[in-house]
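Trainee: I am new to this one and would like a guided tour. Could we go through it together?
Mentor: Certainly; please look at the sequence and the structure first.
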Amino acid sequence: PLQVIIELVNTNASCADLSGYAIYLWHCDAVGRYSMYSSGVTHQNYLRGVQPTDSSGVASFTTIFPGCYSGRMPHIHFEVYRSTTTATNWNNKLRTSQLCFPSDANTAVYATSGYGSSASNNNAISLATDGIFSDGYSTQLVTITGSVSAGYVARLKVGISA
């Protein structure tokens with residue numbers, strides 16, 4: 001299990017919390033498939049969701065650790081919207097980004113069963129060679145706590161100019 005906690009702050013106002021915004025988050029399953037897009041799961045909708053930010057600018061998602069498919073480091077996509085009402089159309093997004101994980105968490109998760117070829121895919125790439133994260137990932141790397149047996153909590157503070 002993985003809990004993803006994203007804190008949204010306003011970079012134009014001394015990083016004040018942004019409450020009432022919405023975050024749409026999605027990622028691949030344990031074997032690297034995206035619901036609605038990957039072969040065999042185009043008619044399924046899972047590992048996707050929208051959460052509003054609370055009075056502290058925090059949105060929380062309960063999910064699983066994403067798999068690692070060939071050519072990409074494990075990651076989770078997200079988009080920021082002004083509200084849950086505007087999150088119904090991707091044209092309304094304010095920002096799009098991805099978050100990534102420390103390599104020790106990836107290695108620990110992929111040593112367990114159920115993650116298919118994630119271990120070998122993860123060993124074949126690094127954040128420095130990933131086509132998205134290779135230009136810098138310091139603001140996208142989560143702080144993670146927990147373990148395989150207890151589950152993980154991943155936190156990321158995301159700043160936008162609002």
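Mentor: What follows is a conversation about the core, the rings, the charged pairs and some single residues.

Trainee: Before we start, what kind of model is this?
Mentor: It is a predicted model.

Trainee: Let us begin inside. Which residues touch the most other members of the largest nonpolar core?
Mentor: Those are Phe-65, Leu-99 and Phe-101, in a core of 29 residues. The elements giving two or more residues to this core are β1, β3 (22–26), β5 (58–63), β6 (75–81), α1 (103–110) and β9 (151–160).

Trainee: Which element gives the largest share of this core?
Mentor: Strand β9 does, with five residues. Apart from this core lies another, of seven residues, including Ala-22, Tyr-24, Tyr-34 and Tyr-81.

Trainee: Back to Phe-101, then. What is it in contact with, leaving aside neighbours within four places in sequence?
Mentor: Among its contacts are Leu-2, Phe-65, Pro-66, Pro-74, His-75 and Ile-76. The list also includes Leu-127, Leu-141, Val-142, Ile-144 and Ala-154.

Trainee: Ile-144 is in that list. Where is its place?
Mentor: Ile-144 belongs to strand β8. Along the chain Ile-144 and Phe-101 are 43 residues apart, while 7.6 Å separates their C-alpha atoms. Not counting residues up to four places away in sequence, Ile-144 also touches Phe-65, Pro-102, Ala-105, Tyr-152, Val-153 and Ala-154.

Trainee: How do β8 and β9 run, parallel or antiparallel?
Mentor: They run antiparallel, and five bridges join them. A hairpin connects β8 to β9 through three residues. As one example of the pairing, Thr-145 has Val-153 in β9 as its bridge partner.

Trainee: Now the rings. How many aromatic pairs are there in the whole structure?
Mentor: A search of the whole structure finds six. In one of them, Tyr-24 and Trp-26, the ring centres are 4.8 Å apart and the planes are at 25°, so the pair counts as stacked. Both Tyr-24 and Trp-26 are buried.

Trainee: And what about Tyr-110 and Tyr-115: why is that pair called tilted?
Mentor: Their planes are at 50°, with ring centres 5.4 Å apart. Planes under 30 degrees apart would count as stacked and those over 60 as edge-to-face, so this pair falls into the remaining class, tilted. Tyr-110 is buried, at a relative accessible area of 5%, and Tyr-115 is buried too, at 12%.

Trainee: Which residues do ring pairs link into a cluster?
Mentor: The cluster consists of Phe-65, Phe-101, Tyr-110, Tyr-115 and Tyr-152. Phe-65 and Phe-101 were also named among the residues touching the most other members of the largest core.

Trainee: Changing topic: how many salt bridges does the structure hold?
Mentor: It holds two. Side chains of opposite charge can pair when their charged atoms come close. One salt bridge is between the side chains of Asp-29 and Arg-33, at 2.9 Å from N to O.

Trainee: Is each partner there buried or partly exposed?
Mentor: Asp-29 is buried, at 7% relative accessibility, whereas Arg-33 is partly exposed, at 33%.

Trainee: Which side chains meet in the 2.8 Å salt bridge?
Mentor: Those of Asp-130 and Arg-72 do. Asp-130 lies in the loop between α2 (118–123) and β8 (143–147), and Arg-72 in the loop between β5 and β6, so the pair ties together parts 58 residues apart in sequence. Asp-130 is buried, with a relative accessible area of 0%, and Arg-72 is buried as well, at 12%.

Trainee: What about Ser-60: where does it lie?
Mentor: Ser-60 lies in strand β5 and is partly exposed, at 30% relative accessibility. Leaving aside neighbours within four places in sequence, its contacts are Gln-3, Val-4, Ile-5 and Gln-51. With the side chain of Gln-3, the side chain of Ser-60 makes a polar contact at 2.8 Å.

Trainee: One last residue, Asn-10: is it buried or exposed?
Mentor: Asn-10 is buried, at 9% relative accessibility. Asn-10 is found in strand β1, residues 2–10. Beyond its neighbours within four places in sequence, it is in contact with Cys-15, Ala-16, Leu-18, Ile-160, Ser-161 and Ala-162.

Note on methods. Residues are numbered from 1 along each chain as its sequence is written. This is a predicted model: local features need pLDDT of at least 70, side-chain atom pairs count only at pLDDT 80 or more; totals for chains, interfaces and linings use all residues. Side-chain values use heavy atoms; hydrogens and water are left out. Helices (H or I, at least four residues) and strands (E, at least two) are DSSP runs, numbered from the N terminus. Buried means under 20% relative accessible area, exposed over 50%, partly exposed in between (1.4 Å probe, protein chains only). Contact means heavy atoms within 4.5 Å. Rings of Phe, Tyr and Trp (its six-membered ring) pair if their centres lie within 6.5 Å; planes under 30 degrees apart count as stacked, over 60 as edge-to-face and the rest as tilted. A nonpolar core is a set of buried Ala, Val, Leu, Ile, Met, Phe, Trp, Tyr and Cys residues joined through side-chain atoms within 4.5 Å. A polar contact is a pair of N or O atoms within 3.5 Å; within protein, one must be able to donate a hydrogen and the other to accept it, and residues adjacent in sequence count only if both atoms are side-chain atoms. A salt bridge is a side-chain nitrogen of Lys or Arg within 4 Å of a carboxyl oxygen of Asp or Glu. Two strands pair if DSSP finds at least two bridges between them.
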